[in-house]
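Hi everyone, thanks for coming. Have a look at the structure on the screen, and I'll walk you through a few places in it.

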Amino acid sequence: MGQLCGRCMQLLRDFVAFIQRMSSDLVHGIKECLTLISKCSCLKQNSSKARQLYKPILQPHERVTVQEFLQHIETGFEMSPLGKDPLEALRTLAFSENPGLQQSAALYYLHMSQHMNIPLPVEHLEPFYALLRSADLEVQQMSSLSLVNFLLEGNIDKELVVQMGLLEPILDLLESEDPTVQCNSCACTMTLAVSEANREAIGAARGVTPLLSLANSYDPRVQQNAAGAILNLTQSEKIQQVLCKEGALSVLASLLESPDTEVQYYSCAALSNMAANIQHHEAMLRPSNRFLLRTLICLLSSSVDKVSSQACVCLRNLTASADIQAEMVAEDVLPKLCSLLASGSEDVRRASIALLWILSQHPQNQDTLACAELLQSLGMLLATHKTDPVIVGHAACIIRNLSLSKNRQRILESPCVEGLLQTMLSTDTQEDSLHYVTSCLAELAKQEGAMLHMVQWMDEPLTKCLVRLAGQLEHPEPSFQAASIIQHMTGHDKTMLLLKHHTGRIQAYLENFLTHREIRFQQLGISTFCRLREDPEFSLAFRKSQVAKLLEQVRQQTEETQELLRAAIYHEDS
C-alpha cells in the first residue's frame, strides 16, 4: 500500500480535529446540563463547580451511551431514574477511563441520593466500585457523598455494601489527602459499623489504623466522623482488643479535651464501651497516669447534657475497684453529681444517680456522701420524680446504704424519709422500685430514732398503703417489707389508732403469712400478732378470726419439725 499524498494527509488531520472538537463539545454539554441540575434550589446541597476538562477522545460505545444518557436526563429522569437503561449507561460512564464521564455518573448518583427516598437496587452498587476507585478527586468526593446519603437514609442494606466489595475502596479513601473525601469515607465507615458483621469486616480489613489517624485531624468534620466510627467499632469486644493494640485509649482520652462537643461525646461513649470490659481497666487507669479519670470528672460540668451524662456512665463503668471509687470521691466528684441531680435532662439525672449508688456501696465513702447537700437533693428528687423507677430505686438504695453509717441522723433531718413514704402512695411505682423503697424504710424502722421520725409522718393514706402492700403476696418482697414496717411501728399509740381502721385487712395478711411456705413470713406474722394482741380491740378481733387456729397449726408443725430434728441429730451423734 502506497503513502498518502499531502492533500489526503491534511484531510485526515482535519477529520481527527473535527472528532476531537465534537467529543469535547459533547462532554461539555453533559457537564453543563448536570451542573445546572445540581445547582437548582431543589437540591439539598450544591456539588462543587466542575473543573475544566482536558479534551478527551470518546470511545464509539461511550459516544452512543452519553447521547442516550443525556436524552434520558432531559426526558425520563422523573419517570424511571433507576430503570434498566440508565443503569447500563451509568455502568458505562462509571467504568470509563474518561474522568468527565465518571463525573457525570457520580453527579447523577449524588442527585438521586439527595432527592430519592426509595431503596437503591443492588445492581446500582456495582458502578460505585469504579467511582470510588477513580483517580479523579471530584468523582471521589461526589460518589462517597452519595453513598453516605444512601446509607443514612437507609436506602442501601449496610451489610450488602460490604458483601459487594465496596468496603475496601471506602477504607482506601480514608488515606486520601483531601478533607472532603476523608470526611465522607469516615461517615461511610461510621454508618457501616452499626452491624456486628461489618465491624468485624472493618477490623479484618485493617480499617482501625487510618480511623485513629484521622481522629487527630485538624478538620473538625473529619475528626467528628472518625470518632463516631470508632465509637461504633467499640460495640464489638473483638474490635476493642484491636483498638487497644493500636493505641486507641490514648487517642480517645485526648479527644475528651476537644473543643467540639460532638467529638467529646463520641470519644466519651467509646471509652464507656471499653470501660464496660474490666480487662481494659488496668490500661485505662494506670497509677502513673490519672489523666483519664480527672478529665472525665471535669466533663461532669459540661453544659452539654449528653456529654455530662456519658461521663457519668464512663465513670460508673470504671468503679469496679474500691480504690478507684475512693479516688473519685477524693477528686471532689460529689458537688458535681449533686448539681447533675437537679438537671432538666432525664438521662443526666439517671446517669448521675446510678454513679452515686455505686459510690455509696463502699463503706469508706458513706460518711462523705451522707452530707446535707446530697440528702437534700435525694429528697427533692423523690418528691418531684416519684414515678421514675430508675430515680426512685437508686435513691432508695443510696439512702439505705448511707443509713448504715454513723451519720444516719442526717438522713432523718433531711426530706428523704418523707420522700420515701410519699413515693409509696404513687400508683405508678413499679414493683422493683417499691421493693427498694420498702426495704429502705424497713431498715430505717429498725432504729428507734428513725422509727419515731417515721411515725410522725404517718397518716391515714400511708397506713392504708402499707396495709395494702403487706397483703399483696403476689409481690413477695414489697409485701414482706411493708409488713415489717408495720410490725416495728405497732408500739406507738398513733400508729395503733391508724391501724384499727384496717383490722380486717391486717387479719387477712397475717393469716396468709402464717400459712406461707417461707419461715420468715411465718415468723413476721407471729411477731406482729403478738404486738397487736396487746391492744384489747385487736385481741378481741383475733379471737373471732382464724388467726388463733392457724397459730395452733403452726405450733403443731413446729413441734413435729423439732421432733424430727431431734431424731436426726440423735442419729448423727450415734
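**A short tour**

Let's start with a small detail: the second largest cavity has a volume of about 30 Å³. Keep in mind that this is a predicted model. A search of the whole structure turns up two cavities of 30 Å³ or more. Which residues line the second largest cavity? They are M458, T463, L466, V467, I486, M489, T495 and L499. Three helices, α29 (460-470), α30 (476-489) and α31 (493-499), each give at least two residues to that lining. The largest share, three residues, comes from α29.

Now let's step back to the whole chain. There are 35 helices and zero strands. Of the 574 residues, 53% count as buried. The accessible surface comes to about 27500 Å², and carbon and sulfur atoms hold 51% of that. If you take the contacts with a separation of 6 or more, 72% of them join residues 24 or more positions apart.

Next, the inside. In soluble globular proteins, nonpolar side chains tend to be buried together. Here, the largest nonpolar core has 166 residues. Which residues have the most contacts inside that core? Those are L374, L378 and M424. Let's zoom in on L378: leaving aside neighbours within four places in sequence, L378 is in contact with L341, I353, A395, I398, I399 and C416.

One helix is worth a stop too. In α17, which covers residues 291-299, the buried residues are L292, L293, T295, L296, I297 and L299. What covers them includes α14 (248-255), α15 (261-275) and α16 (281-284). Also among the covering helices are α18 (305-317), α19 (322-330) and α20 (333-341).

Last stop, the cysteines. A disulfide is a covalent bond between the sulfur atoms of two cysteines. How many disulfides does the structure hold? Zero. Take C186, which is in no disulfide: the nearest cysteine sulfur, that of C183, is 7.2 Å away. C186 is also buried, with a relative accessible area of 0%. Then there is C440. Why is there no bond between C440 and C397? The sulfur of C397 is the closest cysteine sulfur to that of C440, but the two are 8.1 Å apart, so they are too far for a bond; the cut-off is 2.5 Å. C440 counts as buried as well, at 0% relative accessibility.

That's the tour, and I'm happy to go back to any of these spots on the screen.

Technical notes
Residues are numbered from 1 along each chain as its sequence is written. This is a predicted model: local features need pLDDT of at least 70, side-chain atom pairs count only at pLDDT 80 or more; totals for chains, interfaces and linings use all residues. Side-chain values use heavy atoms; hydrogens and water are left out. Buried means under 20% relative accessible area, exposed over 50%, partly exposed in between (1.4 Å probe, protein chains only). Helices (H or I, at least four residues) and strands (E, at least two) are DSSP runs, numbered from the N terminus. Contact means heavy atoms within 4.5 Å. A nonpolar core is a set of buried Ala, Val, Leu, Ile, Met, Phe, Trp, Tyr and Cys residues joined through side-chain atoms within 4.5 Å. Accessible areas come from the Shrake-Rupley method with a 1.4 Å probe; for residues, only the protein chains shown count as cover. On a 1 Å grid over the protein atoms alone, a cavity is a set of points where a 1.4 Å probe fits but cannot get out, and a pocket is an open set with protein on both sides within 12 Å along at least five of seven lines; lining residues have an atom within 4 Å of a point. Grid points are joined across faces, edges and corners, and a volume is the space filled by probe spheres set on the points.
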